[in-house]
Amino acid sequence: MISTLAWRNIWRSPTRSWVIIGAIMLGIWALVFMLSFTVGMVQSYVDNSIENGIGHLQVHNADYRQEAKVQYYFSTDVLPLAQWKTDERLQGVAVRTLVQAMAGSSRATRGVVIKGVDPLGESQATPLSRQIVEGEYLDANKKNCLIISKTLAGKLKVKLRSKIVLTFQDLEGHITAGAFRIVGIFDTGNKAIDEGNVFVNRLDINALLGNSAMAHEVSFLLKDITTLPAMKAALTAQLPELAVEDYKEVAPDLQLYEGQIQTSANIFMVIIMLALLFGIINTMLMAVLERYRELGMLMAVGMNKARVFGMILIETLLLAMIALIPGLLLGWGTVAWLSTTGIDLSAFSGGLSQFGMSTVVYPKLQAALYLQFAMAVCLTAILGAIYPAWKAIRLKPVEAMRKI
(Lines give C-alpha, C1' and ligand atoms only; values in the text may rest on other atoms or scores of the structure.)
Protein backbone atom coordinates (compact mmCIF):
# COMPACT_ATOMS: atom_id res chain seq x y z
CA MET A 1 0.00 0.00 0.00
CA ILE A 2 2.79 2.44 0.91
CA SER A 3 4.56 1.74 -2.38
CA THR A 4 1.35 2.31 -4.37
CA LEU A 5 0.71 5.55 -2.55
CA ALA A 6 4.31 6.69 -3.13
CA TRP A 7 4.04 5.92 -6.88
CA ARG A 8 0.82 7.93 -7.19
CA ASN A 9 2.31 10.83 -5.25
CA ILE A 10 5.17 11.08 -7.76
CA TRP A 11 2.80 11.73 -10.66
CA ARG A 12 0.60 14.25 -8.87
CA SER A 13 3.08 16.84 -10.13
CA PRO A 14 4.45 15.36 -13.41
CA THR A 15 6.44 18.45 -14.39
CA ARG A 16 8.36 18.55 -11.13
CA SER A 17 8.96 14.81 -11.24
CA TRP A 18 10.25 14.87 -14.81
CA VAL A 19 12.56 17.78 -13.98
CA ILE A 20 14.25 15.85 -11.18
CA ILE A 21 14.30 12.64 -13.28
CA GLY A 22 15.93 14.57 -16.12
CA ALA A 23 18.47 16.11 -13.73
CA ILE A 24 19.44 12.69 -12.37
CA MET A 25 19.69 11.25 -15.90
CA LEU A 26 21.91 14.14 -16.99
CA GLY A 27 24.09 13.74 -13.90
CA ILE A 28 24.55 10.01 -14.52
CA TRP A 29 25.38 10.62 -18.20
CA ALA A 30 27.88 13.36 -17.27
CA LEU A 31 29.50 11.08 -14.70
CA VAL A 32 29.88 8.21 -17.19
CA PHE A 33 31.18 10.47 -19.96
CA MET A 34 33.65 12.42 -17.83
CA LEU A 35 35.16 9.32 -16.29
CA SER A 36 35.29 7.42 -19.59
CA PHE A 37 37.09 10.38 -21.16
CA THR A 38 39.58 10.44 -18.28
CA VAL A 39 40.17 6.69 -18.63
CA GLY A 40 40.64 7.17 -22.39
CA MET A 41 43.25 9.88 -21.80
CA VAL A 42 45.12 7.70 -19.30
CA GLN A 43 44.97 4.70 -21.61
CA SER A 44 46.23 6.86 -24.49
CA TYR A 45 49.29 7.83 -22.46
CA VAL A 46 49.96 4.26 -21.34
CA ASP A 47 49.46 2.77 -24.83
CA ASN A 48 51.67 5.38 -26.50
CA SER A 49 54.43 4.81 -23.96
CA ILE A 50 54.26 1.04 -24.47
CA GLU A 51 54.15 1.24 -28.26
CA ASN A 52 56.83 3.91 -28.63
CA GLY A 53 59.62 1.94 -27.01
CA ILE A 54 58.90 0.75 -23.46
CA GLY A 55 57.04 -2.35 -24.60
CA HIS A 56 55.25 -4.66 -22.20
CA LEU A 57 58.47 -6.25 -20.91
CA GLN A 58 62.13 -5.26 -20.88
CA VAL A 59 65.37 -7.12 -20.17
CA HIS A 60 68.51 -5.37 -18.87
CA ASN A 61 71.73 -5.98 -17.04
CA ALA A 62 70.67 -5.52 -13.41
CA ASP A 63 73.30 -2.80 -12.88
CA TYR A 64 72.06 -0.84 -15.91
CA ARG A 65 68.72 -0.17 -14.24
CA GLN A 66 70.58 1.45 -11.33
CA GLU A 67 72.87 3.57 -13.50
CA ALA A 68 72.65 3.78 -17.28
CA LYS A 69 76.35 3.35 -18.04
CA VAL A 70 77.51 1.97 -21.36
CA GLN A 71 79.66 -0.64 -19.56
CA TYR A 72 76.57 -2.36 -18.08
CA TYR A 73 75.70 -4.43 -21.11
CA PHE A 74 74.99 -8.09 -21.79
CA SER A 75 75.87 -10.34 -24.71
CA THR A 76 73.22 -11.13 -27.28
CA ASP A 77 74.71 -14.63 -27.53
CA VAL A 78 72.70 -15.58 -24.41
CA LEU A 79 69.39 -14.53 -25.97
CA PRO A 80 67.14 -17.24 -27.51
CA LEU A 81 66.20 -14.95 -30.42
CA ALA A 82 65.15 -17.81 -32.72
CA GLN A 83 62.74 -19.11 -30.08
CA TRP A 84 61.25 -15.65 -29.52
CA LYS A 85 60.60 -15.19 -33.22
CA THR A 86 58.31 -18.22 -33.24
CA ASP A 87 56.53 -17.41 -29.95
CA GLU A 88 52.89 -16.67 -30.81
CA ARG A 89 52.49 -14.46 -27.75
CA LEU A 90 54.99 -11.93 -29.07
CA GLN A 91 54.26 -9.28 -31.66
CA GLY A 92 57.81 -7.96 -31.75
CA VAL A 93 61.20 -8.15 -30.02
CA ALA A 94 63.58 -5.17 -30.20
CA VAL A 95 67.24 -5.55 -29.19
CA ARG A 96 68.91 -2.20 -28.48
CA THR A 97 72.27 -0.68 -27.65
CA LEU A 98 71.83 2.56 -25.70
CA VAL A 99 74.50 5.25 -25.48
CA GLN A 100 74.49 8.75 -23.99
CA ALA A 101 76.06 11.08 -26.56
CA MET A 102 76.41 14.54 -28.02
CA ALA A 103 74.95 15.00 -31.49
CA GLY A 104 76.65 17.78 -33.40
CA SER A 105 76.05 19.40 -36.77
CA SER A 106 77.98 22.25 -38.32
CA ARG A 107 75.56 24.70 -36.64
CA ALA A 108 74.46 23.23 -33.29
CA THR A 109 74.91 20.43 -30.72
CA ARG A 110 72.43 18.58 -28.50
CA GLY A 111 72.61 15.87 -25.86
CA VAL A 112 70.86 12.71 -27.09
CA VAL A 113 70.50 9.00 -26.48
CA ILE A 114 71.76 6.91 -29.36
CA LYS A 115 69.52 3.90 -29.86
CA GLY A 116 71.29 1.24 -31.86
CA VAL A 117 68.54 -1.02 -33.20
CA ASP A 118 68.01 -3.96 -35.51
CA PRO A 119 65.73 -2.35 -38.15
CA LEU A 120 63.40 -5.34 -38.64
CA GLY A 121 62.96 -6.10 -34.93
CA GLU A 122 62.38 -2.43 -34.07
CA SER A 123 59.75 -2.08 -36.80
CA GLN A 124 57.83 -5.03 -35.32
CA ALA A 125 58.03 -3.82 -31.71
CA THR A 126 57.39 -0.09 -32.31
CA PRO A 127 55.66 2.03 -34.98
CA LEU A 128 58.92 3.86 -35.76
CA SER A 129 59.08 2.68 -39.38
CA ARG A 130 55.54 4.00 -39.94
CA GLN A 131 56.35 7.37 -38.38
CA ILE A 132 58.85 8.38 -41.05
CA VAL A 133 57.64 11.69 -42.54
CA GLU A 134 60.59 12.30 -44.85
CA GLY A 135 63.19 10.02 -46.39
CA GLU A 136 63.30 6.33 -45.49
CA TYR A 137 63.62 3.96 -42.56
CA LEU A 138 66.91 2.38 -41.47
CA ASP A 139 68.36 -0.23 -43.82
CA ALA A 140 70.44 -3.00 -42.23
CA ASN A 141 72.61 -3.14 -45.36
CA LYS A 142 73.58 0.53 -45.29
CA LYS A 143 76.45 1.70 -43.12
CA ASN A 144 76.41 4.70 -40.80
CA CYS A 145 72.87 5.81 -41.56
CA LEU A 146 70.73 7.60 -38.98
CA ILE A 147 67.15 8.70 -38.50
CA ILE A 148 66.24 11.74 -36.46
CA SER A 149 63.03 13.41 -35.36
CA LYS A 150 61.60 16.44 -37.09
CA THR A 151 61.87 18.40 -33.84
CA LEU A 152 65.52 17.52 -33.22
CA ALA A 153 66.42 18.15 -36.86
CA GLY A 154 65.08 21.68 -36.46
CA LYS A 155 67.13 22.26 -33.30
CA LEU A 156 70.33 20.96 -34.94
CA LYS A 157 69.48 22.86 -38.15
CA VAL A 158 69.91 19.81 -40.34
CA LYS A 159 67.86 18.15 -43.06
CA LEU A 160 67.72 14.94 -45.04
CA ARG A 161 71.17 13.78 -46.22
CA SER A 162 72.94 16.07 -43.71
CA LYS A 163 75.83 14.63 -41.73
CA ILE A 164 75.80 14.41 -37.93
CA VAL A 165 78.74 13.58 -35.67
CA LEU A 166 77.95 11.51 -32.57
CA THR A 167 80.47 11.80 -29.74
CA PHE A 168 80.43 9.42 -26.75
CA GLN A 169 82.54 7.20 -24.48
CA ASP A 170 83.41 3.67 -25.55
CA LEU A 171 83.63 0.65 -23.25
CA GLU A 172 87.13 1.63 -22.11
CA GLY A 173 86.01 5.14 -21.18
CA HIS A 174 87.74 6.75 -24.16
CA ILE A 175 86.04 9.52 -26.11
CA THR A 176 85.14 8.33 -29.59
CA ALA A 177 83.04 9.70 -32.41
CA GLY A 178 81.35 8.60 -35.58
CA ALA A 179 79.87 10.43 -38.55
CA PHE A 180 76.36 9.40 -39.62
CA ARG A 181 74.21 10.57 -42.49
CA ILE A 182 70.50 11.31 -42.03
CA VAL A 183 68.41 8.99 -44.20
CA GLY A 184 65.04 9.59 -42.56
CA ILE A 185 63.12 12.03 -40.41
CA PHE A 186 60.36 10.78 -38.08
CA ASP A 187 57.64 12.32 -35.93
CA THR A 188 56.20 10.23 -33.06
CA GLY A 189 54.04 13.02 -31.63
CA ASN A 190 55.81 12.50 -28.28
CA LYS A 191 58.05 15.46 -27.46
CA ALA A 192 60.20 13.57 -24.95
CA ILE A 193 61.05 10.85 -27.48
CA ASP A 194 61.46 13.22 -30.42
CA GLU A 195 63.83 15.62 -28.67
CA GLY A 196 66.02 13.08 -26.93
CA ASN A 197 66.69 10.15 -29.30
CA VAL A 198 68.39 9.30 -32.56
CA PHE A 199 68.32 5.83 -34.14
CA VAL A 200 71.16 4.03 -35.90
CA ASN A 201 71.93 0.43 -36.88
CA ARG A 202 73.03 -1.50 -33.81
CA LEU A 203 76.00 -3.08 -35.57
CA ASP A 204 77.34 0.36 -36.51
CA ILE A 205 77.32 1.73 -32.97
CA ASN A 206 78.59 -1.59 -31.57
CA ALA A 207 81.59 -1.39 -33.91
CA LEU A 208 82.47 2.03 -32.50
CA LEU A 209 82.03 0.75 -28.93
CA GLY A 210 84.26 -2.22 -29.60
CA ASN A 211 81.88 -5.16 -29.03
CA SER A 212 79.69 -6.44 -31.87
CA ALA A 213 77.59 -8.76 -29.66
CA MET A 214 76.66 -6.27 -26.94
CA ALA A 215 73.22 -4.85 -26.09
CA HIS A 216 71.72 -2.93 -23.20
CA GLU A 217 68.02 -3.63 -23.62
CA VAL A 218 65.51 -6.03 -25.10
CA SER A 219 61.92 -4.79 -25.40
CA PHE A 220 58.98 -7.16 -25.91
CA LEU A 221 55.61 -6.14 -27.35
CA LEU A 222 52.86 -8.67 -26.63
CA LYS A 223 49.84 -9.42 -28.78
CA ASP A 224 47.63 -9.78 -25.69
CA ILE A 225 48.45 -8.04 -22.41
CA THR A 226 46.73 -10.83 -20.46
CA THR A 227 49.73 -13.07 -21.28
CA LEU A 228 52.09 -10.65 -19.49
CA PRO A 229 52.49 -12.59 -16.19
CA ALA A 230 53.16 -15.90 -17.96
CA MET A 231 55.58 -14.29 -20.41
CA LYS A 232 57.46 -12.55 -17.62
CA ALA A 233 57.81 -15.82 -15.73
CA ALA A 234 59.09 -17.58 -18.86
CA LEU A 235 61.69 -14.87 -19.56
CA THR A 236 62.86 -14.87 -15.95
CA ALA A 237 63.46 -18.62 -16.20
CA GLN A 238 65.26 -18.26 -19.55
CA LEU A 239 67.48 -15.36 -18.46
CA PRO A 240 68.27 -15.88 -14.75
CA GLU A 241 71.28 -13.53 -14.81
CA LEU A 242 69.38 -10.60 -16.31
CA ALA A 243 66.67 -8.34 -14.89
CA VAL A 244 63.23 -8.93 -16.42
CA GLU A 245 60.70 -6.17 -15.70
CA ASP A 246 57.23 -5.30 -16.92
CA TYR A 247 56.25 -1.83 -18.09
CA LYS A 248 54.97 -0.81 -14.65
CA GLU A 249 58.39 -1.51 -13.13
CA VAL A 250 60.28 0.14 -15.98
CA ALA A 251 58.08 3.26 -15.90
CA PRO A 252 56.39 3.62 -12.46
CA ASP A 253 54.46 6.65 -13.72
CA LEU A 254 52.40 4.31 -15.91
CA GLN A 255 51.36 2.32 -12.85
CA LEU A 256 50.52 5.58 -11.09
CA TYR A 257 48.28 6.72 -13.94
CA GLU A 258 46.50 3.38 -14.16
CA GLY A 259 45.99 3.37 -10.40
CA GLN A 260 44.31 6.78 -10.50
CA ILE A 261 41.26 5.51 -12.42
CA GLN A 262 39.36 4.44 -9.29
CA THR A 263 40.40 7.64 -7.51
CA SER A 264 39.09 9.69 -10.44
CA ALA A 265 35.84 7.72 -10.36
CA ASN A 266 35.39 8.48 -6.67
CA ILE A 267 36.09 12.20 -7.14
CA PHE A 268 33.67 12.53 -10.06
CA MET A 269 31.00 10.56 -8.18
CA VAL A 270 31.28 12.75 -5.08
CA ILE A 271 31.06 16.00 -7.09
CA ILE A 272 28.10 14.98 -9.22
CA MET A 273 26.26 13.14 -6.45
CA LEU A 274 26.56 16.21 -4.22
CA ALA A 275 24.90 18.30 -6.94
CA LEU A 276 22.15 15.69 -7.30
CA LEU A 277 21.77 15.45 -3.53
CA PHE A 278 20.82 19.10 -3.17
CA GLY A 279 18.46 18.86 -6.14
CA ILE A 280 16.71 15.84 -4.61
CA ILE A 281 16.45 17.46 -1.19
CA ASN A 282 14.96 20.62 -2.71
CA THR A 283 12.42 18.72 -4.81
CA MET A 284 11.27 16.37 -2.06
CA LEU A 285 11.12 19.17 0.50
CA MET A 286 8.81 21.10 -1.83
CA ALA A 287 6.66 17.98 -2.22
CA VAL A 288 6.40 17.61 1.56
CA LEU A 289 5.57 21.27 2.16
CA GLU A 290 2.85 21.21 -0.49
CA ARG A 291 1.20 18.20 1.19
CA TYR A 292 1.16 19.42 4.78
CA ARG A 293 -2.61 19.06 5.15
CA GLU A 294 -2.63 15.66 3.43
CA LEU A 295 0.20 14.30 5.55
CA GLY A 296 -1.46 15.66 8.67
CA MET A 297 -4.71 13.93 7.74
CA LEU A 298 -2.91 10.61 7.10
CA MET A 299 -1.23 10.80 10.48
CA ALA A 300 -4.54 11.76 12.13
CA VAL A 301 -6.31 8.66 10.77
CA GLY A 302 -3.58 6.34 12.03
CA MET A 303 -0.56 6.31 9.69
CA ASN A 304 2.43 6.15 12.01
CA LYS A 305 5.66 8.10 11.59
CA ALA A 306 7.62 5.10 10.29
CA ARG A 307 5.21 4.67 7.39
CA VAL A 308 5.26 8.37 6.56
CA PHE A 309 9.05 8.28 6.61
CA GLY A 310 9.03 5.14 4.42
CA MET A 311 6.61 6.69 1.94
CA ILE A 312 8.85 9.74 1.39
CA LEU A 313 11.89 7.47 1.10
CA ILE A 314 10.19 5.19 -1.46
CA GLU A 315 9.07 8.20 -3.52
CA THR A 316 12.66 9.42 -3.73
CA LEU A 317 14.03 5.98 -4.59
CA LEU A 318 11.40 5.52 -7.30
CA LEU A 319 12.39 8.86 -8.88
CA ALA A 320 16.05 7.80 -8.79
CA MET A 321 15.36 4.34 -10.22
CA ILE A 322 13.24 5.77 -13.07
CA ALA A 323 16.21 7.97 -14.02
CA LEU A 324 18.94 5.44 -13.29
CA ILE A 325 18.47 2.90 -16.08
CA PRO A 326 17.95 5.43 -18.94
CA GLY A 327 20.89 7.49 -17.60
CA LEU A 328 23.22 4.49 -17.55
CA LEU A 329 22.04 3.35 -20.99
CA LEU A 330 22.57 6.85 -22.39
CA GLY A 331 26.07 6.96 -20.89
CA TRP A 332 26.90 3.46 -22.11
CA GLY A 333 25.67 4.30 -25.62
CA THR A 334 27.76 7.47 -25.72
CA VAL A 335 30.88 5.62 -24.60
CA ALA A 336 30.25 2.76 -27.07
CA TRP A 337 29.90 5.23 -29.94
CA LEU A 338 32.90 7.40 -29.02
CA SER A 339 35.09 4.36 -28.31
CA THR A 340 34.79 3.60 -32.03
CA THR A 341 34.87 7.09 -33.55
CA GLY A 342 37.15 8.71 -30.97
CA ILE A 343 37.30 12.35 -29.87
CA ASP A 344 39.56 14.45 -32.09
CA LEU A 345 41.81 16.71 -29.99
CA SER A 346 44.19 17.69 -32.81
CA ALA A 347 43.55 21.36 -31.98
CA PHE A 348 45.51 20.70 -28.77
CA SER A 349 48.23 18.57 -30.37
CA GLY A 350 51.02 20.88 -29.18
CA GLY A 351 50.10 20.42 -25.53
CA LEU A 352 49.28 16.72 -25.83
CA SER A 353 52.69 15.97 -27.37
CA GLN A 354 54.30 17.28 -24.19
CA PHE A 355 52.74 14.38 -22.29
CA GLY A 356 52.98 11.71 -24.98
CA MET A 357 49.23 11.49 -25.54
CA SER A 358 47.41 10.78 -28.78
CA THR A 359 45.41 13.52 -30.51
CA VAL A 360 42.47 11.10 -30.76
CA VAL A 361 41.07 9.86 -27.44
CA TYR A 362 38.88 6.76 -27.30
CA PRO A 363 36.72 6.85 -24.13
CA LYS A 364 36.29 3.56 -22.31
CA LEU A 365 34.93 2.41 -18.98
CA GLN A 366 35.13 -0.81 -16.99
CA ALA A 367 31.81 -2.58 -16.53
CA ALA A 368 32.26 -2.72 -12.73
CA LEU A 369 32.10 1.07 -12.53
CA TYR A 370 28.52 1.11 -13.87
CA LEU A 371 27.46 -0.92 -10.82
CA GLN A 372 29.26 1.55 -8.56
CA PHE A 373 27.39 4.42 -10.21
CA ALA A 374 24.05 2.67 -9.66
CA MET A 375 24.85 2.14 -5.98
CA ALA A 376 25.98 5.77 -5.65
CA VAL A 377 22.70 7.06 -7.14
CA CYS A 378 20.62 4.90 -4.78
CA LEU A 379 22.66 6.02 -1.80
CA THR A 380 22.30 9.66 -2.86
CA ALA A 381 18.52 9.24 -3.18
CA ILE A 382 18.31 7.78 0.33
CA LEU A 383 20.42 10.58 1.80
CA GLY A 384 18.39 13.16 -0.12
CA ALA A 385 15.13 11.80 1.30
CA ILE A 386 16.19 11.86 4.95
CA TYR A 387 15.69 15.57 5.64
CA PRO A 388 12.32 15.95 3.83
CA ALA A 389 11.07 12.73 5.51
CA TRP A 390 12.28 13.95 8.92
CA LYS A 391 10.46 17.22 8.24
CA ALA A 392 7.28 15.28 7.47
CA ILE A 393 7.28 13.13 10.60
CA ARG A 394 7.75 16.20 12.83
CA LEU A 395 4.33 17.49 11.73
CA LYS A 396 1.61 17.85 14.34
CA PRO A 397 -1.52 16.44 12.70
CA VAL A 398 -3.94 19.04 14.14
CA GLU A 399 -1.81 22.00 13.07
CA ALA A 400 -1.04 20.46 9.64
CA MET A 401 -4.74 19.88 8.87
CA ARG A 402 -5.49 23.59 9.52
CA LYS A 403 -2.64 24.80 7.30
CA ILE A 404 -3.74 26.53 4.08
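**Note on aromatic pairs and salt bridges**

1. In this predicted model, Phe 33 has a relative accessibility of 25% and therefore counts as partly exposed, since that class lies between the 20% limit for buried residues and the 50% limit for exposed ones. Phe 37 likewise comes out at 25% relative accessibility, and it counts as partly exposed. These two residues, together with Trp 29, make up one aromatic cluster.

2. Five aromatic pairs are counted in the model. One of the pairs is Phe 33 with Phe 37, whose ring centres lie 6.3 Å apart and whose planes are at 25° to each other, an arrangement classed as stacked. The stacked label follows because planes under 30 degrees apart are counted that way, while the pairing itself requires centres within 6.5 Å. As for where the pair sits in the chain, Phe 33 and Phe 37 are both in helix H2, which runs over residues 14–54, and because they are four residues apart there, about one helical turn separates them.

3. A second aromatic pair, Tyr 370 with Phe 373, is edge-to-face, because the ring centres are 6.4 Å apart and the planes stand at 70°; the cut-off behind that label is an angle over 60 degrees. Tyr 370 and Phe 373 belong to helix H15 (residues 367–393), where a spacing of three residues puts about one helical turn between them. Both of these residues are buried.

4. Helix H15 also contains Leu 379, which contributes to a nonpolar surface patch of about 330 Å² along with Ile 382, Leu 383 and Ile 386.

5. Turning to charged side chains, the model has nine salt bridges in total. In one of them Lys 142 is paired with Glu 136, and the closest N and O atoms are 2.8 Å apart. Both partners are partly exposed: Lys 142 has a relative accessibility of 38%, and Glu 136 has a relative accessible area of 37%.

6. Which residue does Asp 246 meet in a salt bridge, and at what N to O distance? The partner is Lys 232, with 3.8 Å from N to O, and the pair counts because the limit is 4 Å. This contact links distant parts of the chain, given that Asp 246 is in strand S12 (residues 243–246) and Lys 232 is in helix H9 (residues 228–238), with their positions 14 residues apart. At 14% relative accessibility, Asp 246 is classed as buried.

7. Lys 232 also forms a salt bridge with Glu 249, here with an N to O distance of 2.8 Å. Again distant parts of the chain are linked, with Glu 249 in helix H10 (residues 247–250), Lys 232 in helix H9, and the two residues 17 apart. Glu 249 has a relative accessibility of 37%, so it counts as partly exposed.

8. A salt-bridge network, in which partners are shared, joins Arg 96, Glu 122 and Glu 217. Is Glu 122 buried or exposed? The residue has a relative accessible area of 3%, and it is therefore buried, the threshold being under 20%. Glu 122 is located in helix H5, spanning residues 119–125. When residues up to four places away in sequence are left aside, Glu 122 touches Ala 94, Arg 96, Val 117, Leu 128, Tyr 137 and Phe 199, so that Arg 96 appears both in this list of contacts and in the network.

Terms used. Residues are numbered from 1 along each chain as its sequence is written. This is a predicted model: local features need pLDDT of at least 70, side-chain atom pairs count only at pLDDT 80 or more; totals for chains, interfaces and linings use all residues. Side-chain values use heavy atoms; hydrogens and water are left out. Rings of Phe, Tyr and Trp (its six-membered ring) pair if their centres lie within 6.5 Å; planes under 30 degrees apart count as stacked, over 60 as edge-to-face and the rest as tilted. Buried means under 20% relative accessible area, exposed over 50%, partly exposed in between (1.4 Å probe, protein chains only). Patches are made of residues with over 30% relative accessible area and no salt bridge: like charges are joined within 9 Å, nonpolar side chains (Val, Leu, Ile, Met, Phe, Trp, Tyr) within 5 Å. Accessible areas come from the Shrake-Rupley method with a 1.4 Å probe; for residues, only the protein chains shown count as cover. Contact means heavy atoms within 4.5 Å.
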